[in-house]
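Let's take a walk through this protein together, looking at how its charged side chains pair up and where its nonpolar side chains gather. Have the viewer ready, and follow along one stop at a time.

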Amino acid sequence: MRPVRRLAEMVWRDDPETGRLVRVVVSGLLVWALAVLAPAGVRPVLGAALAGWVLFLVADRRWPRAARAGLAAAALVSATVGAVPDETAALLFLYTTLFTFVLLPRTPWWPVVALAVTVLAVLLAGLGLAGRGAGEIAGQAALIVVLVLFNLHRREHRMRADEALRSREAQARAAALDERARIARELHDVLAHSLGALGVQLEVAEAELTERNDVAGAAARIRRARILAGDGLVEARSAVAALRDDVPPLARALADLVEAHRTDHAAAVTLRVEGAPRRLSSGAEVSLLRTAREALTNAGRHAPGAPVTVVLDLRGPKARLSVGNPLRDPVPLRFGYGLSGARERLALVGGTLEAGPAGDGWTVVAEVPA
(Lines give C-alpha, C1' and ligand atoms only; values in the text may rest on other atoms or scores of the structure.)
Protein backbone atom coordinates (compact mmCIF):
# COMPACT_ATOMS: atom_id res chain seq x y z
CA MET A 1 0.00 0.00 0.00
CA ARG A 2 2.87 2.36 0.67
CA PRO A 3 4.03 2.49 -3.01
CA VAL A 4 0.45 3.14 -4.07
CA ARG A 5 0.14 5.94 -1.49
CA ARG A 6 3.42 7.49 -2.62
CA LEU A 7 2.30 7.32 -6.26
CA ALA A 8 -1.01 8.96 -5.34
CA GLU A 9 0.82 11.76 -3.48
CA MET A 10 3.14 12.27 -6.45
CA VAL A 11 0.18 12.54 -8.82
CA TRP A 12 -1.63 14.97 -6.49
CA ARG A 13 1.38 17.27 -5.96
CA ASP A 14 2.80 17.03 -9.47
CA ASP A 15 2.75 19.95 -11.88
CA PRO A 16 -0.16 19.13 -14.23
CA GLU A 17 1.62 20.70 -17.22
CA THR A 18 5.38 20.07 -16.97
CA GLY A 19 5.72 17.76 -13.96
CA ARG A 20 7.37 14.36 -13.76
CA LEU A 21 4.23 12.36 -14.41
CA VAL A 22 3.43 14.42 -17.50
CA ARG A 23 6.97 13.92 -18.78
CA VAL A 24 6.76 10.16 -18.31
CA VAL A 25 3.48 10.00 -20.21
CA VAL A 26 4.78 12.27 -22.99
CA SER A 27 7.97 10.22 -23.29
CA GLY A 28 5.93 7.06 -23.79
CA LEU A 29 3.77 8.83 -26.38
CA LEU A 30 6.83 10.03 -28.32
CA VAL A 31 8.42 6.60 -28.31
CA TRP A 32 5.17 5.10 -29.57
CA ALA A 33 4.87 7.75 -32.29
CA LEU A 34 8.45 7.12 -33.41
CA ALA A 35 7.97 3.35 -33.51
CA VAL A 36 4.46 3.17 -34.97
CA LEU A 37 3.42 6.41 -36.68
CA ALA A 38 6.64 7.77 -38.17
CA PRO A 39 7.44 6.84 -41.79
CA ALA A 40 10.74 5.04 -42.21
CA GLY A 41 12.34 8.02 -43.96
CA VAL A 42 11.89 10.43 -41.08
CA ARG A 43 12.64 8.07 -38.20
CA PRO A 44 16.33 9.06 -37.99
CA VAL A 45 15.31 12.73 -37.76
CA LEU A 46 12.68 12.08 -35.15
CA GLY A 47 15.14 9.83 -33.34
CA ALA A 48 17.43 12.86 -33.05
CA ALA A 49 14.48 14.88 -31.75
CA LEU A 50 13.79 12.14 -29.18
CA ALA A 51 17.44 12.34 -28.11
CA GLY A 52 16.98 16.08 -27.52
CA TRP A 53 13.88 15.32 -25.42
CA VAL A 54 15.80 12.74 -23.36
CA LEU A 55 18.59 15.29 -22.83
CA PHE A 56 15.99 17.69 -21.50
CA LEU A 57 14.62 15.07 -19.10
CA VAL A 58 18.05 14.10 -17.78
CA ALA A 59 19.63 17.55 -17.51
CA ASP A 60 16.69 19.74 -16.51
CA ARG A 61 17.49 19.90 -12.78
CA ARG A 62 21.30 19.99 -12.87
CA TRP A 63 22.05 21.69 -16.19
CA PRO A 64 18.98 23.75 -17.15
CA ARG A 65 20.68 25.53 -20.06
CA ALA A 66 21.73 22.27 -21.69
CA ALA A 67 18.24 20.87 -21.05
CA ARG A 68 16.55 23.81 -22.77
CA ALA A 69 19.01 23.62 -25.64
CA GLY A 70 18.11 19.96 -26.14
CA LEU A 71 14.41 20.76 -26.04
CA ALA A 72 14.79 23.62 -28.53
CA ALA A 73 16.85 21.41 -30.84
CA ALA A 74 14.16 18.71 -30.68
CA ALA A 75 11.50 21.25 -31.74
CA LEU A 76 13.63 22.58 -34.62
CA VAL A 77 14.53 19.10 -35.86
CA SER A 78 10.88 18.07 -35.78
CA ALA A 79 9.93 21.19 -37.76
CA THR A 80 12.24 20.18 -40.62
CA VAL A 81 10.12 17.09 -41.35
CA GLY A 82 6.76 18.54 -40.48
CA ALA A 83 5.80 18.88 -44.15
CA VAL A 84 6.47 15.29 -45.24
CA PRO A 85 3.49 13.11 -46.17
CA ASP A 86 1.83 11.48 -43.19
CA GLU A 87 3.43 14.05 -40.88
CA THR A 88 1.41 13.11 -37.76
CA ALA A 89 4.43 11.84 -35.81
CA ALA A 90 6.55 14.87 -36.80
CA LEU A 91 3.86 17.36 -35.75
CA LEU A 92 3.34 15.46 -32.50
CA PHE A 93 7.06 15.82 -31.74
CA LEU A 94 6.97 19.47 -32.81
CA TYR A 95 4.00 20.54 -30.73
CA THR A 96 5.09 18.55 -27.65
CA THR A 97 8.63 19.92 -27.53
CA LEU A 98 7.73 23.48 -28.52
CA PHE A 99 4.90 23.90 -26.04
CA THR A 100 6.88 22.25 -23.24
CA PHE A 101 9.60 24.82 -23.91
CA VAL A 102 7.03 27.64 -23.77
CA LEU A 103 5.53 26.41 -20.49
CA LEU A 104 8.82 26.11 -18.59
CA PRO A 105 8.55 28.74 -15.82
CA ARG A 106 12.24 29.59 -15.55
CA THR A 107 12.77 30.35 -19.26
CA PRO A 108 12.97 34.07 -20.23
CA TRP A 109 10.40 35.20 -22.74
CA TRP A 110 12.84 36.14 -25.53
CA PRO A 111 14.17 32.56 -26.12
CA VAL A 112 10.55 31.41 -26.25
CA VAL A 113 9.68 33.98 -28.90
CA ALA A 114 12.88 33.29 -30.84
CA LEU A 115 12.27 29.54 -30.88
CA ALA A 116 8.62 29.95 -31.87
CA VAL A 117 9.51 32.28 -34.77
CA THR A 118 12.32 29.99 -35.97
CA VAL A 119 10.20 26.85 -35.76
CA LEU A 120 7.36 28.58 -37.57
CA ALA A 121 9.68 29.78 -40.32
CA VAL A 122 11.21 26.31 -40.80
CA LEU A 123 7.80 24.60 -40.85
CA LEU A 124 6.25 27.11 -43.29
CA ALA A 125 9.27 26.88 -45.55
CA GLY A 126 8.95 23.09 -45.60
CA LEU A 127 5.24 23.30 -46.31
CA GLY A 128 5.87 25.72 -49.16
CA LEU A 129 8.59 23.55 -50.70
CA ALA A 130 6.31 20.53 -50.40
CA GLY A 131 3.69 22.36 -52.46
CA ARG A 132 1.08 22.54 -49.76
CA GLY A 133 -1.83 24.88 -50.30
CA ALA A 134 -2.02 28.39 -48.91
CA GLY A 135 -4.93 27.43 -46.66
CA GLU A 136 -2.98 24.62 -45.04
CA ILE A 137 0.07 26.83 -44.58
CA ALA A 138 -2.00 29.62 -43.03
CA GLY A 139 -3.81 27.13 -40.81
CA GLN A 140 -0.58 25.68 -39.43
CA ALA A 141 0.83 29.18 -38.86
CA ALA A 142 -2.31 30.35 -37.07
CA LEU A 143 -2.44 27.21 -34.94
CA ILE A 144 1.14 27.59 -33.73
CA VAL A 145 0.79 31.33 -33.06
CA VAL A 146 -2.43 30.90 -31.11
CA LEU A 147 -1.14 27.99 -29.06
CA VAL A 148 2.18 29.71 -28.30
CA LEU A 149 0.39 32.88 -27.17
CA PHE A 150 -2.07 30.86 -25.10
CA ASN A 151 0.71 28.93 -23.38
CA LEU A 152 2.71 32.11 -22.77
CA HIS A 153 -0.33 33.68 -21.13
CA ARG A 154 -0.90 30.53 -19.12
CA ARG A 155 2.73 30.48 -17.98
CA GLU A 156 2.68 34.15 -16.93
CA HIS A 157 -0.56 33.58 -15.01
CA ARG A 158 0.95 30.64 -13.15
CA MET A 159 4.14 32.57 -12.40
CA ARG A 160 2.14 35.46 -10.94
CA ALA A 161 0.06 33.02 -8.90
CA ASP A 162 3.20 31.31 -7.59
CA GLU A 163 4.75 34.67 -6.76
CA ALA A 164 1.61 35.74 -4.91
CA LEU A 165 1.62 32.45 -3.01
CA ARG A 166 5.28 32.89 -2.03
CA SER A 167 4.53 36.44 -0.95
CA ARG A 168 1.65 35.28 1.22
CA GLU A 169 3.79 32.54 2.73
CA ALA A 170 6.57 35.04 3.46
CA GLN A 171 4.07 37.40 5.07
CA ALA A 172 2.67 34.54 7.13
CA ARG A 173 6.15 33.55 8.29
CA ALA A 174 6.97 37.16 9.15
CA ALA A 175 3.68 37.51 11.04
CA ALA A 176 4.38 34.29 12.94
CA LEU A 177 7.86 35.49 13.87
CA ASP A 178 6.47 38.85 15.00
CA GLU A 179 3.83 37.07 17.06
CA ARG A 180 6.41 34.83 18.68
CA ALA A 181 8.63 37.80 19.45
CA ARG A 182 5.69 39.66 20.96
CA ILE A 183 4.66 36.71 23.13
CA ALA A 184 8.27 36.21 24.21
CA ARG A 185 8.47 39.88 25.13
CA GLU A 186 5.17 39.67 27.04
CA LEU A 187 6.30 36.61 29.00
CA HIS A 188 9.68 38.16 29.69
CA ASP A 189 8.10 41.35 30.98
CA VAL A 190 5.63 39.45 33.15
CA LEU A 191 8.13 36.98 34.58
CA ALA A 192 10.92 39.52 35.04
CA HIS A 193 8.62 41.93 36.90
CA SER A 194 6.76 39.32 38.96
CA LEU A 195 9.71 37.12 39.87
CA GLY A 196 11.92 40.14 40.57
CA ALA A 197 9.38 41.68 42.93
CA LEU A 198 8.68 38.28 44.47
CA GLY A 199 12.38 37.73 45.12
CA VAL A 200 12.71 41.11 46.81
CA GLN A 201 9.74 40.44 49.11
CA LEU A 202 11.06 37.02 50.11
CA GLU A 203 14.55 38.40 50.69
CA VAL A 204 13.19 41.11 52.99
CA ALA A 205 11.01 38.57 54.80
CA GLU A 206 14.05 36.38 55.41
CA ALA A 207 16.01 39.33 56.79
CA GLU A 208 13.16 40.29 59.12
CA LEU A 209 12.99 36.76 60.47
CA THR A 210 16.71 36.06 60.83
CA GLU A 211 18.05 39.51 61.75
CA ARG A 212 15.17 41.36 63.40
CA ASN A 213 12.99 38.49 64.62
CA ASP A 214 10.01 40.47 63.26
CA VAL A 215 7.43 37.75 62.63
CA ALA A 216 4.62 40.18 61.88
CA GLY A 217 6.69 42.10 59.32
CA ALA A 218 7.88 38.87 57.69
CA ALA A 219 4.31 37.59 57.52
CA ALA A 220 3.22 40.82 55.80
CA ARG A 221 6.04 40.44 53.29
CA ILE A 222 5.04 36.84 52.61
CA ARG A 223 1.41 37.85 52.09
CA ARG A 224 2.61 40.50 49.63
CA ALA A 225 4.74 37.88 47.88
CA ARG A 226 1.68 35.62 47.57
CA ILE A 227 -0.30 38.47 45.99
CA LEU A 228 2.56 39.17 43.58
CA ALA A 229 2.72 35.49 42.63
CA GLY A 230 -1.02 35.45 41.93
CA ASP A 231 -0.84 38.62 39.86
CA GLY A 232 2.11 37.24 37.92
CA LEU A 233 0.22 34.02 37.19
CA VAL A 234 -2.75 35.99 35.88
CA GLU A 235 -0.49 38.10 33.66
CA ALA A 236 1.35 35.03 32.36
CA ARG A 237 -1.95 33.33 31.50
CA SER A 238 -3.08 36.45 29.69
CA ALA A 239 0.10 36.50 27.61
CA VAL A 240 -0.07 32.78 26.83
CA ALA A 241 -3.71 33.15 25.81
CA ALA A 242 -2.56 35.16 22.79
CA LEU A 243 -1.10 31.93 21.36
CA ARG A 244 -4.33 29.99 21.64
CA ASP A 245 -6.91 29.59 18.91
CA ASP A 246 -9.79 29.73 21.39
CA VAL A 247 -9.10 33.19 22.81
CA PRO A 248 -12.51 34.69 23.67
CA PRO A 249 -13.63 37.82 21.80
CA LEU A 250 -12.52 41.09 23.31
CA ALA A 251 -16.01 42.09 24.47
CA ARG A 252 -16.52 38.79 26.26
CA ALA A 253 -13.05 38.90 27.82
CA LEU A 254 -13.80 42.42 29.09
CA ALA A 255 -17.12 41.18 30.49
CA ASP A 256 -15.30 38.43 32.40
CA LEU A 257 -12.78 40.97 33.68
CA VAL A 258 -15.53 43.34 34.79
CA GLU A 259 -17.41 40.54 36.55
CA ALA A 260 -14.27 39.49 38.41
CA HIS A 261 -13.65 43.08 39.53
CA ARG A 262 -17.27 43.46 40.61
CA THR A 263 -17.00 40.31 42.72
CA ASP A 264 -13.57 40.99 44.20
CA HIS A 265 -14.11 44.66 45.05
CA ALA A 266 -17.87 44.76 45.72
CA ALA A 267 -18.10 47.71 43.34
CA ALA A 268 -20.62 48.60 40.66
CA VAL A 269 -18.97 48.20 37.26
CA THR A 270 -20.74 49.01 34.00
CA LEU A 271 -19.53 47.66 30.64
CA ARG A 272 -20.83 49.20 27.43
CA VAL A 273 -19.83 48.01 23.92
CA GLU A 274 -20.57 50.44 21.11
CA GLY A 275 -20.51 49.28 17.49
CA ALA A 276 -20.62 45.82 15.97
CA PRO A 277 -18.28 43.34 17.72
CA ARG A 278 -15.26 42.40 15.61
CA ARG A 279 -11.94 40.68 16.14
CA LEU A 280 -8.76 42.71 16.40
CA SER A 281 -5.24 41.42 16.14
CA SER A 282 -4.19 39.28 19.09
CA GLY A 283 -1.59 41.88 20.08
CA ALA A 284 -4.16 44.67 20.13
CA GLU A 285 -6.69 42.63 22.10
CA VAL A 286 -4.15 41.51 24.71
CA SER A 287 -2.87 45.10 25.07
CA LEU A 288 -6.39 46.44 25.61
CA LEU A 289 -7.16 43.71 28.15
CA ARG A 290 -3.94 44.44 30.03
CA THR A 291 -4.83 48.14 30.05
CA ALA A 292 -8.35 47.43 31.32
CA ARG A 293 -7.00 45.18 34.07
CA GLU A 294 -4.48 47.81 35.15
CA ALA A 295 -7.11 50.56 35.11
CA LEU A 296 -9.52 48.45 37.18
CA THR A 297 -6.76 47.58 39.64
CA ASN A 298 -5.96 51.27 40.07
CA ALA A 299 -9.66 52.05 40.50
CA GLY A 300 -9.93 49.45 43.26
CA ARG A 301 -6.83 50.80 44.94
CA HIS A 302 -7.55 54.54 44.81
CA ALA A 303 -11.37 54.51 44.80
CA PRO A 304 -12.45 51.34 46.62
CA GLY A 305 -16.13 50.61 46.23
CA ALA A 306 -16.64 53.47 43.77
CA PRO A 307 -18.57 52.76 40.54
CA VAL A 308 -16.48 52.16 37.41
CA THR A 309 -17.54 52.61 33.79
CA VAL A 310 -15.85 50.63 31.02
CA VAL A 311 -16.64 51.56 27.41
CA LEU A 312 -15.37 49.71 24.32
CA ASP A 313 -16.02 51.72 21.14
CA LEU A 314 -15.60 49.76 17.88
CA ARG A 315 -17.37 52.19 15.55
CA GLY A 316 -14.40 54.06 14.09
CA PRO A 317 -11.14 53.14 12.36
CA LYS A 318 -9.63 52.67 15.82
CA ALA A 319 -10.86 50.57 18.73
CA ARG A 320 -11.18 52.82 21.79
CA LEU A 321 -11.29 51.59 25.37
CA SER A 322 -12.05 53.98 28.22
CA VAL A 323 -12.19 53.22 31.95
CA GLY A 324 -13.47 55.93 34.25
CA ASN A 325 -14.13 56.18 37.98
CA PRO A 326 -14.58 58.93 40.61
CA LEU A 327 -11.54 59.77 42.74
CA ARG A 328 -11.44 59.28 46.48
CA ASP A 329 -7.69 59.20 47.09
CA PRO A 330 -5.27 61.62 45.43
CA VAL A 331 -3.52 60.07 42.45
CA PRO A 332 -0.14 61.36 41.21
CA LEU A 333 -0.29 62.87 37.74
CA ARG A 334 2.64 60.83 36.50
CA PHE A 335 2.16 57.25 35.29
CA GLY A 336 3.01 54.37 37.58
CA TYR A 337 4.81 51.27 36.38
CA GLY A 338 1.55 49.53 35.43
CA LEU A 339 0.22 52.27 33.16
CA SER A 340 3.70 52.94 31.77
CA GLY A 341 3.98 49.27 30.81
CA ALA A 342 0.50 49.39 29.28
CA ARG A 343 1.47 52.43 27.23
CA GLU A 344 4.59 50.65 25.96
CA ARG A 345 2.61 47.54 24.99
CA LEU A 346 0.04 49.64 23.16
CA ALA A 347 2.78 51.50 21.29
CA LEU A 348 4.13 48.17 19.99
CA VAL A 349 0.81 47.54 18.20
CA GLY A 350 0.43 51.13 16.99
CA GLY A 351 -1.80 52.24 19.86
CA THR A 352 -1.84 55.11 22.35
CA LEU A 353 -2.72 55.57 26.01
CA GLU A 354 -3.90 58.66 27.85
CA ALA A 355 -4.73 58.80 31.54
CA GLY A 356 -5.56 61.65 33.88
CA PRO A 357 -8.19 63.59 35.80
CA ALA A 358 -11.53 64.11 34.07
CA GLY A 359 -13.88 66.29 36.09
CA ASP A 360 -14.27 64.70 39.50
CA GLY A 361 -12.84 61.39 38.35
CA TRP A 362 -9.99 59.64 36.64
CA THR A 363 -10.15 58.29 33.09
CA VAL A 364 -7.86 55.91 31.19
CA VAL A 365 -8.28 55.93 27.40
CA ALA A 366 -6.51 53.45 25.09
CA GLU A 367 -6.77 53.32 21.30
CA VAL A 368 -5.47 50.73 18.84
CA PRO A 369 -5.87 50.37 15.05
CA ALA A 370 -8.93 48.30 14.28
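A good place to begin is a charged cluster: R272, E274, D313 and R315 are joined in a network of salt bridges. Please keep in mind as you look that this is a predicted model. Within that network, R315 pairs with D313, with 3.0 Å from N to O. The two partners sit in contrasting surroundings. R315 has a relative accessible area of 58%, so this residue counts as exposed, the cut-off being over 50%. D313 has a relative accessibility of 16% and therefore counts as buried, which means under 20%.

How many salt bridges does the structure hold? There are eight in the structure, and two further ones deserve a stop on our tour.

One of them joins R68 to D60, where the closest N and O atoms are 3.2 Å apart. Are these two charged residues buried or exposed? R68 is buried, at 11% relative accessibility, and D60 is buried too, with a relative accessible area of 6%.

The other links E354 with R343, and here the closest N and O atoms lie 4.0 Å apart. E354 belongs to strand β4 (residues 352-358) while R343 belongs to helix α11 (residues 337-348), so this pair ties together parts that are 11 residues apart in sequence. As for their surroundings, E354 counts as exposed at 51% relative accessibility, whereas R343, at 35%, counts as partly exposed.

Now let's turn from charges to the nonpolar side chains. The largest nonpolar core has 42 residues, and the members that touch the most others are L46, F93, L94, L98, I144 and V148. Which helices each supply at least two residues of this core? They are α2 (20-37), α3 (43-59), α4 (64-80), α5 (88-103), α6 (109-129) and α7 (134-212). The largest share comes from α5, which supplies 10 residues.

To see the packing around a single member, zoom in on V148. If you set aside its neighbours within four places in sequence, V148 is in contact with L98, F99, V102 and A116. One of these partners, L98, is itself among the core members that touch the most others.

Our last stop is a second, separate core, made up of 30 residues. Among its members are L289, A292, L346 and L353. You can place L346 within the range of helix α11 (residues 337-348) and L353 within that of strand β4 (residues 352-358), the two elements that the pair E354 and R343 ties together.

Technical notes:
Residues are numbered from 1 along each chain as its sequence is written. This is a predicted model: local features need pLDDT of at least 70, side-chain atom pairs count only at pLDDT 80 or more; totals for chains, interfaces and linings use all residues. Side-chain values use heavy atoms; hydrogens and water are left out. A salt bridge is a side-chain nitrogen of Lys or Arg within 4 Å of a carboxyl oxygen of Asp or Glu. Buried means under 20% relative accessible area, exposed over 50%, partly exposed in between (1.4 Å probe, protein chains only). Helices (H or I, at least four residues) and strands (E, at least two) are DSSP runs, numbered from the N terminus. A nonpolar core is a set of buried Ala, Val, Leu, Ile, Met, Phe, Trp, Tyr and Cys residues joined through side-chain atoms within 4.5 Å. Contact means heavy atoms within 4.5 Å.
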